[in-house]
Amino acid sequence: MNSKGYKLIQGNEACVEGALAAGMRFFAGYPITPSTEIAEISSQKLPKLGGKFIQMEDELASMAAIIGGSLAGLKSMTATSGPGFSLMQENIGYAAITEIPCVIVNVQRGGPSTGLPTSPAQGDVMQAKWGTHGDHPAVALTPNSVQETYEYTVKAFNIAEKYRTPVILLMDETVGHMREKMIFKDISEIEIINRKKPSCKPEDYVAYRPDEDMIPPMASFGEGYRYHVTGLTHDETGFPTNSNEISEKLIKRIVNKVGKNIDDFSYYEEYKLQDAEIVIVAYGGVSRSAKSAVDALRKMNIKAGLFRPITIWPFLEKQINNVSKNAKEIYVAEMNLGQYFLEVERVAGKNCTVNKINKINGELITPDEIVKAIGGNL
Amino acid sequence: MNCNNVTKEYYRVEKLPHIWCPGCGHGTLTNTVVRAIDNLKLNKDEVVIVSGIGCSSRAPGYLDFNTLHTTHGRALAFATGIKFANPKLHVIVIMGDGDSSAIGGNHLIHAARRNIDITTIVFNNNIYGMTGGQYSPTTPYGDFATTAAYGNIDKPFDLCSLAQGAGATYVGRGTAYHAPLMQKLIEKGLQNKGFSFIEGLSVCPTYYGRKNKKGGAFKMFSFFKDNCADIKTVEKNPEKGKNKILIGEFYNNSKPEYIESYQVIIDKFQG
C-alpha cells in the first residue's frame with residue numbers, strides 16, 4: 001500500500017490501492033480488457049500484505065471464489081468488463097440472496113458481446129441493476145477520476161460490509177485508464193467499515209435472523225458457528241423453505257435493507273445548479289466533459305448546471321426530483337443509447353423536459369458535443 | 001462410532017427425513033463421507049462441505065458442519081475461495097455427475113490442475129435426477145432418458161480418468177454398495193495434501209432405473225455387487241477385470257499443493 005503523499009497513477013491502479021486500504025485480502029479474477037491492470041496489480045501487491053490472489057478459469061469461477069473467500073473471512077473483490085460481467089451475474093445473485101459481502105469492479109467497454117474491447121462505454125448501467133435474475137438489491141458507484149476511484153472503492157467495500165450485499169464499482173475505460181495525480185491519505189484518516197459479527201454463543205446463532213437494522217450478523221466459516229448457506233430461498237435459520245410468506249419476507253428484507261438506507265450512501269456532485277435552467281445529468285467519464293460544457297454554456301450566458309450521480313444504483317430519486325423542480329430542461333449525457341435517461345425521465349419527466357445526448361461509437365462524449373446538442377435546441 | 005451416535009453427532013437430525021427417493025444411493029454415500037470424517041476425528045468447526053445443485057447437492061444440508069449449497073456446477077470454484085482464504089479448513093465438495101462434469105466440468109479440471117487441497121466426491125447416478133431424468137455426461141451410450149427418447153448418442157465421461165488427466169493427485173472409485181471401500185477412499189483423499197477425486201457410483205431407481213428397465217433399487221445395488229472388480233485384484237489377474245467396472249484406488253501421487261506454493265510466495269515477499 002502507498003503511504004501518505006501523492007503520485008501520478010492510473011484509475012485501475014487507484015482501484016487496487018483503495019481496495020487494499022479498505023482491507024481487501026482476497027482477489028479472484030480473469031483477464032479482460034480494460035480491467036486487467038486491476039488483476040495484475042492485485043497479484044503483485046496482495047502477497048506482500050499476506051493476502052491472496054488467484055487467476056480463475058473464467059468469470060463464473062472468479063465470482064464464486066470471491067464469495068467463498070468472503071465467507072471464509074477475507075474482504076474480497078473481482079474486476080472485469082462487459083463480457084465477464086455477463087458471466088458474473090449468476091453468482092452476483094447468489095451473493096445477494098446469501099448476503100455475502102463482496103465488491104465487483106466493472107470497467108465498462110463497448111458492447112454487446114465482444115464489442116469494442118479497448119474503448120469506453122456506459123452500456124452496462126441497467127445490467128448493474130437488473131443483470132442477475134429475480135428481485136434483488138443493487139448498489140453501484142461510478143467514480144469519474146483517479147482520486148475518486150480510490151475513494152469509492154473504499155466506500156464500495158464499506159457498503160458491502162455494512163449491508164452484507166454485493167457492491168458494483170461501475171467504472172468506464174476512460175476512468176480506468178486515465179492517469180492523474182492521486183493524493184494518498186494516511187490510512188488512519190480513512191473510514192473503514194467491517195461486517196457485523198455475532199456476539200452470541202454458537203449454539204444461539206440463527207444465521208439469517210436480522211437485527212433491527214434488517215442485517216443479520218455474519219460469522220465466518222471456521223469460527224465455530226456451524227451454519228448452512230444456500231441460494232435457495234431460506235428462512236432465518238438459513239435452510240430452504242417453500243413458504244410463500246417467508247420467501248416474500250426474505251426478498252423484501254434484502255431489497256429494503258439497501259433501499260431504505262439509501263441516504264447513507266447517496267453520493268453525488270452538484271455543479272452550478274443554484275440558478276440552473278439547463279441541467280446536464282452525467283456520470284463517470286462523461287461527467288468531466290459535462291462539467292466543461294457547463295462552463296462553456298455559462299460563457300454563452302446560458303444558465304447551465306451539472307448533476308452528477310456517483311451512487312448510480314439505487315437511483316437518486318429524491319435528488320433528481322429536486323433538481324428537476326427548478327430546471328426547464330434536463331439533458332442526460334451517457335455513452336449508451338439512453339439507459340440512465342429512462343430513470344431520470346421517470347422521475348423528472350413530470351417537472352421538466354428530459355432529453356438525451358448519446359454516443360456509442362467507442363469515443364467519449366466531448367464538451368463541444370454536449371454544448372452543440374444543447375445549443376441546437378435553444 | 002456406532003450408527004446412532006454417528007447420526008446424532010454429525011447429522012442435523014431435525015432436518016431429516018431427507019428428500020431422496022426410496023432406493024436412492026445418495027444416503028449411503030453421504031454416510032460414507034460422515035464416517036470418514038469421524039474416523040479421522042476432524043474438528044466439526046473446521047470442516048466445510050460445499051455442493052452445487054442437484055440431488056447429491058442436498059447432502060450438506062443434513063450435515064452439521066459449515067455447509068454451503070452453491071450454484072449449479074460452481075461448487076469447486078466456491079470451495080477454492082474458501083480453502084485459499086482459510087487453509088486451516090478441511091474442504092469437501094459433493095457434486096453430482098451433471099453438476100461436476102457438464103456445467104461444472106471446467107471448474108473440475110482446473111481445480112484438479114492446481115492440485116488445491118480439496119476432497120471432491122461425485123455421486124454419480126448417470127442421470128439428472130432433480131429435473132426428472134435427463135441424460136448426463138455419464139449416461140451410458142444407448143441408454144434412455146427423458147431427453148434421450150431414442151437412446152443416448154453422447155459418449156460418457158470416465159470421471160476418474162478425467163480428474164487424473166487434469167492433475168488430481170488422489171483418485172479412486174467406490175460405489176454405494178461398496179460403502180467400506182468408499183469410506184476408505186474418502187479418508188485417504190482427505191489425508192492427501194492436494195486435489196483428491198473420489199467417484200461414488202450411485203443408483204437412481206426412480207428415473208434412470210425406470211427409464212432403462214433396471215429392475216428397482218435392489219437389482220441396481222446387486223449390479224454393483226456382481227459387476228465391479230477392485231483394481232488391485234485386476235492388476236494381479238487381468239481376467240477378473242473383463243467387462244467389469246473398476247473400483248478401488250486408481251492413483252496416489254504427490255505434487256506441489258497450490259496453497260503451499262502460494263505461501264512460499266507470501267513468505268518470500270511479505271513485508
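**Exercise 1. Decide how well strand β5 of chain A is covered, and find the strand that runs beside it.**

Solution. Begin with the strand itself, which in this predicted model covers residues 102-110 of chain A. Nine of its nine residues are buried, and β5(A) is therefore described as mostly covered, given that a residue counts as buried if 20 or more other C-beta atoms lie within 10 Å of its own. Next, look for its partner: strand β4 of chain A, residues 75-80, runs parallel to β5(A) and is joined to it by four bridges. To fix the register at one point, take Thr80(A), whose bridge partner in β5(A) is Asn106(A).

**Exercise 2. Describe the overall form of chain B and the confidence that goes with it.**

Solution. First consider the confidence, since the average pLDDT of chain B is 97, and 100% of its residues score at least 70; the model as a whole scores ipTM 0.98 and pTM 0.98. Then count the elements, which are 11 helices and 10 strands in chain B. For the dimensions, the C-alpha trace spans about 65 × 45 × 35 Å along its principal axes. The radius of gyration of chain B is 18 Å, which agrees with the value near 18 Å that a compact globule of 271 residues would have. Of these 271 residues, 52% count as buried. Finally, among the contacts in chain B between residues at least 6 apart in sequence, 66% join residues at least 24 apart.

**Exercise 3. Trace the open sheet that includes strands of both chains, and identify its edges.**

Solution. Follow the order of the nine strands, which is β10(A)-β2(B)-β1(B)-β3(B)-β4(B)-β8(B)-β7(B)-β10(B)-β9(B), with mixed pairing. The edges are β10 of chain A and β9 of chain B (228-230), and because each has a single partner strand, one side of each is left without a neighbour in the sheet. On average, neighbouring strands of this sheet are turned by 20° against each other, direction ignored.

Within the sheet, look at β4 of chain B (residues 119-124) and β8 of chain B (residues 196-201), which run parallel and are joined by six bridges; one point of register is Thr120(B), whose bridge partner in β8(B) is Phe197(B). Helix α2 of chain B, residues 26-40, lies across β1, β3, β4 and β8 of chain B, and runs at about 160° to β4(B).

**Exercise 4. Work out how chain B meets chain A.**

Solution. Start from the contacts, in which 35 residues of chain B meet 35 residues of chain A. The elements of chain B that give two or more residues to this side are β2 (66-69), α3 (75-85), α5 (105-114) and α11 (258-269), and α3(B) gives the most, with eight residues. Sorted by class, the side of chain B that touches chain A has 14 nonpolar, 14 polar and seven charged residues. The chains also share strand pairing, for β10 of chain A (residues 228-230) and β2(B) pair in the parallel sense over three bridges, and Leu68(B) in β2(B) is the bridge partner of Val229(A).

**Exercise 5. Establish whether Leu185(B) is buried or exposed, and list what surrounds it.**

Solution. Locate Leu185(B) in helix α7 of chain B, residues 179-191. Leu185(B) has 29 C-beta neighbours inside 10 Å, and therefore counts as buried. Leaving aside neighbours within four places in sequence, Leu185(B) is in contact with Gly172(B), Gly174(B), Ile198(B) and Glu249(B). A further pair to compare is Leu185(B) and Gly248(B), which are 63 residues apart along the chain, while their C-alpha atoms are separated by 7.5 Å.

Methods:
Residues numbered from 1 in each chain as written. Chains lettered and ligands numbered in written order. Predicted model: local features only at pLDDT ≥ 70, side-chain atom pairs only at ≥ 80, totals over all residues. pLDDT = per-residue confidence, 0-100. Contact = placed C-beta atoms within 7 Å. Nonpolar A, V, L, I, M, F, W, Y, C, P; charged D, E, K, R; others polar. Pairing = 2+ DSSP bridges. Rg over C-alpha atoms; globule rule 2.2 N^0.38 Å. Buried ≥ 20, exposed ≤ 12 C-beta atoms within 10 Å, placed from the backbone. Axes fitted to C-alpha atoms, helices over the stretch in contact; angles between N-to-C directions.
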